[in-house]
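Q: Please take a close look at the acidic side chains of this protein. Which partners do they have, and what surrounds them?

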Amino acid sequence: MIPELWTCIFSALCFYVHGAKLPEPEVKIEVLYKPFLCHRKSKYGDILLVHYEGFLESNGTMFHSSRHHGDKNPVWLTLGIREVIKGWDMGLQGMCAGEKRKLTVPPALAYGKEGKGKIPPESTLIFDIEIIEIRNGPRSHESFQEMDLNDDWKLSKAEVKEYLRKEFERHGYAANDTHHEVMVEDIFQKEDEDNDGFISAREFTYKHDEL
């Protein structure tokens, strides 16, 4: 059995010095604005629409702005599934629509030793982020109920395909039956744990390690 020391080293989750665990890196959060009314707060699995600006802490250089660069539109992301840097997954929890935060993210929770594009290695990053909208994510009970057309607490391939079709159309993409069928087969291969041809509520909402 591998000793705990080596387990931590191999997983890159933690390491020990003389038996004492070093502190985990943290995100510094500063609330810049919070609306008076907050109907819901962001949580892991939610889909967020955000505007943001990113700066290098070392010299204040802006490396990206969703308002001024690219198509100048806010961006969608799913919270907690490693779609964004760890610092965002940690720092965007518990926010309201309309709330603005300043996140100071250490390298270990950003782009680390490698860096990325205009971001040098070992850079601490500062983000000004505003949440525009919060939606139920694909792993929420609400989404499951929306997909479960016949209320039998399990999803058939036809129900998942219909949901994909609606989502594609909602985001302005043309429906593609062949593409959707391939996606459905891939989804069921990964999510239908008991291979009964359905995705149960438990299988759907269970948080897999790879997410």
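A: Glu-130 is a suitable starting point, being buried with a relative accessible area of 17%. Buried here means under 20% relative accessible area, exposed means over 50%, and partly exposed lies in between (1.4 Å probe, protein chains only). The model is a predicted one, in which local features need pLDDT of at least 70 and side-chain atom pairs count only at pLDDT 80 or more, while totals for chains, interfaces and linings use all residues. Residues are numbered from 1 along each chain as its sequence is written, and side-chain values use heavy atoms, leaving out hydrogens and water.

The side chain of Glu-130 forms a salt bridge with that of Arg-67, at 2.5 Å from N to O; the term denotes a side-chain nitrogen of Lys or Arg within 4 Å of a carboxyl oxygen of Asp or Glu. Glu-130 belongs to strand S8 and Arg-67 to the loop between strand S5 (62-65) and strand S6 (75-78), so the salt bridge ties together parts that are 63 residues apart in sequence. Helices (H or I, at least four residues) and strands (E, at least two) are DSSP runs numbered from the N terminus. Arg-67 is partly exposed, with a relative accessible area of 34%.

By the same rule, the count comes to 8 salt bridges. One of them joins Arg-135 to Glu-133, with the closest N and O atoms 2.7 Å apart. Both partners are partly exposed, Arg-135 at 25% relative accessible area and Glu-133 at 27%. Salt bridges that share partners also link Arg-40, Lys-43 and Asp-46 into one network. Within this network, the side chains of Asp-46 and Arg-40 meet at 3.0 Å, N to O. Asp-46 is buried at 1% relative accessibility, whereas Arg-40 is partly exposed at 28%.

Strand S8 also takes part in the largest nonpolar core, to which strand S4 (47-56), strand S7 (100-105) and S8 (125-135) each give two or more residues. A nonpolar core is a set of buried Ala, Val, Leu, Ile, Met, Phe, Trp, Tyr and Cys residues joined through side-chain atoms within 4.5 Å. This core has 22 residues, and Leu-48, Trp-88, Leu-92, Leu-103, Val-105, Phe-127 and Ile-129 have the most contacts inside it. S8 gives the most to it, with 5 residues. Not counting residues up to four places away in sequence, Phe-127 touches residues including Tyr-52, Phe-63, Ile-85, Trp-88, Leu-103 and Val-105, along with the charged Glu-53, Arg-101 and Lys-102; contact means heavy atoms within 4.5 Å. A second, separate core of 11 residues includes Phe-144, Leu-155, Phe-188 and Ile-199. In soluble globular proteins, nonpolar side chains tend to be buried together.

Other acidic residues are without a salt bridge. Asp-192, in the loop between helix H5 (177-191) and strand S10 (199-200), is buried yet has none; Lys-157, the nearest side chain of opposite charge, is 7.1 Å away. For such comparisons, Lys and Arg count as positive and Asp and Glu as negative, while His and the chain ends are not counted. The side chain of Asp-192 instead makes polar contacts with backbone nitrogens, reaching that of Asp-196 at 3.3 Å and that of Gly-197 at 2.9 Å. A polar contact is a pair of N or O atoms within 3.5 Å; within protein, one must be able to donate a hydrogen and the other to accept it, and residues adjacent in sequence count only if both atoms are side-chain atoms. Beyond four places in sequence, Asp-192 touches Ile-187, Gly-197, Phe-198, Ile-199 and Glu-203. The preceding residue, Glu-191, lies in helix H5 and is buried at 11% relative accessible area. The C-alpha atoms of Glu-191 and Glu-203 are 6.3 Å apart, although 12 residues separate them along the chain.

Asp-148 occupies the loop between helix H3 (141-147) and strand S9 (154-155). Asp-148 is likewise buried with no salt bridge, the nearest side chain of opposite charge being that of Lys-154 at 9.0 Å. A polar atom of the Asp-148 side chain lies 3.1 Å from the backbone nitrogen of Asp-152. Leaving aside neighbours within four places in sequence, Asp-148 is in contact with Trp-153, Lys-154, Leu-155 and Glu-159. Among these, Leu-155 is one of the residues of the second core.
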